[in-house]
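Colleague: I've got a new model open and I'd like to learn how to read it. Could you walk me through it?

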Amino acid sequence: MHEISIVRNVFDTLQETYPEKFGRISKVQMEAGLLSNIQPILIQNAFEALIMEEPGLADIELEVVQLPIIAHCETCEKGFEVVRHKFVCACGTPSRKIVQGEELQISKVEFFGN
Ligand SMILES: [Zn+2]
């Protein structure tokens with residue numbers, strides 16, 4: 001399953017980043033752009049499966065925030081939200097310049113007892 005390797009990867013990264021504080025992580029927030037094709041529910045399921053293997057992670061709350069797709073309009077010089085794969089700004093200018101929506105990243109980490 002694709003999602004379990006993503007979740008495993010996230011916690012491997014956190015372990016490397018916070019070798020001292022890894023055991024005190026209380027909450028992890030991830031951001032997944034809609035173009036990354038990441039389903040939050042599948043990430044949650046994968047996390048549940050990972051906890052079965054590594055019970056030490058059971059105290060961690062995992063949150064996945066989905067980010068809308070934003071493309072940049074050259075005419076308006078600002079971003080607009082892409083809905084239903086319509087890469088056209090409200091002004092009528094088409095754009096494929098994606099500024100948000102492809103990311104998959106750890107956006108926030110909280111710890112117990114600071
Ligand atoms: Zn525009």
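**Reading the model**

Modeller: Happy to, and keep in mind that this is a predicted model. Let's begin with a pair of strands: β3, residues 69-73, is joined to β4 by five bridges, and the two run antiparallel. One bridge pairs histidine 72 with glycine 79 in β4.

Colleague: What is the strand order in the open sheet?

Modeller: The order is β4-β3-β5, with antiparallel pairing. The edges are β4 (78-82) and β5 (98-100), as each of them pairs on one side only. On average, neighbouring strands in this sheet are turned by 45° against each other, ignoring direction.

Colleague: Now the metal. Which residues are the protein donors of the zinc ion?

Modeller: Look for the atoms that sit around the ion. Here they are the SG atoms of Cys73, Cys76, Cys89 and Cys91, at 2.2 to 2.4 Å from the zinc. Along the chain, the donors follow the spacing C-x2-C-x12-C-x1-C.

Colleague: Why is the arrangement called tetrahedral?

Modeller: The general idea is to compare angles: for four tetrahedral donors, the ideal angle at a metal is 109.5 degrees. In this site, the four donor atoms subtend angles of 106 to 115° around the zinc ion, so the arrangement counts as tetrahedral.

Colleague: Are cysteine 73 and cysteine 76 buried or exposed?

Modeller: Buried means under 20% relative accessible area. Cysteine 73 has 0%, so it is buried. Cysteine 76 has 32% and is therefore partly exposed.

Colleague: What about threonine 93, where does that one lie?

Modeller: Threonine 93 is in the loop between β4 and β5. With a relative accessible area of 18%, it is buried. Its side chain makes a polar contact of 2.8 Å with the side chain of threonine 75. Setting aside residues up to four places away in sequence, threonine 93 touches Cys73, Thr75, Phe87 and Val88. Cys73 in that list is also one of the zinc donors.

Colleague: One last residue: is lysine 27 buried or exposed?

Modeller: Apply the same cut-off of 20%. Lysine 27 has a relative accessible area of 19%, so it counts as buried. You'll find it in strand β1, residues 25-33.

Colleague: And which side chain does the lysine 27 side chain make a polar contact with?

Modeller: That of glutamate 63, at 3.2 Å. Beyond its neighbours within four places in sequence, lysine 27 is in contact with Ile60, Glu61, Glu63, Lys108, Val109 and Glu110.

Terms used. Residues are numbered from 1 along each chain as its sequence is written. This is a predicted model: local features need pLDDT of at least 70, side-chain atom pairs count only at pLDDT 80 or more; totals for chains, interfaces and linings use all residues. Side-chain values use heavy atoms; hydrogens and water are left out. Donors are N, O and S atoms within 2.8 Å of the metal (3.2 Å for Na, K and Ca); water is not among the atoms, so sites may look incomplete. Four donors count as tetrahedral if all angles lie between 85 and 135 degrees; four count as square planar and six as octahedral if opposite donors are over 155 degrees apart and all others between 65 and 115; anything else is irregular. Buried means under 20% relative accessible area, exposed over 50%, partly exposed in between (1.4 Å probe, protein chains only). Two strands pair if DSSP finds at least two bridges between them. Helices (H or I, at least four residues) and strands (E, at least two) are DSSP runs, numbered from the N terminus. Axes are lines fitted to C-alpha atoms, for helices over the stretch in contact, and angles run from 0 to 180 degrees between N-to-C directions. A polar contact is a pair of N or O atoms within 3.5 Å; within protein, one must be able to donate a hydrogen and the other to accept it, and residues adjacent in sequence count only if both atoms are side-chain atoms. Contact means heavy atoms within 4.5 Å.
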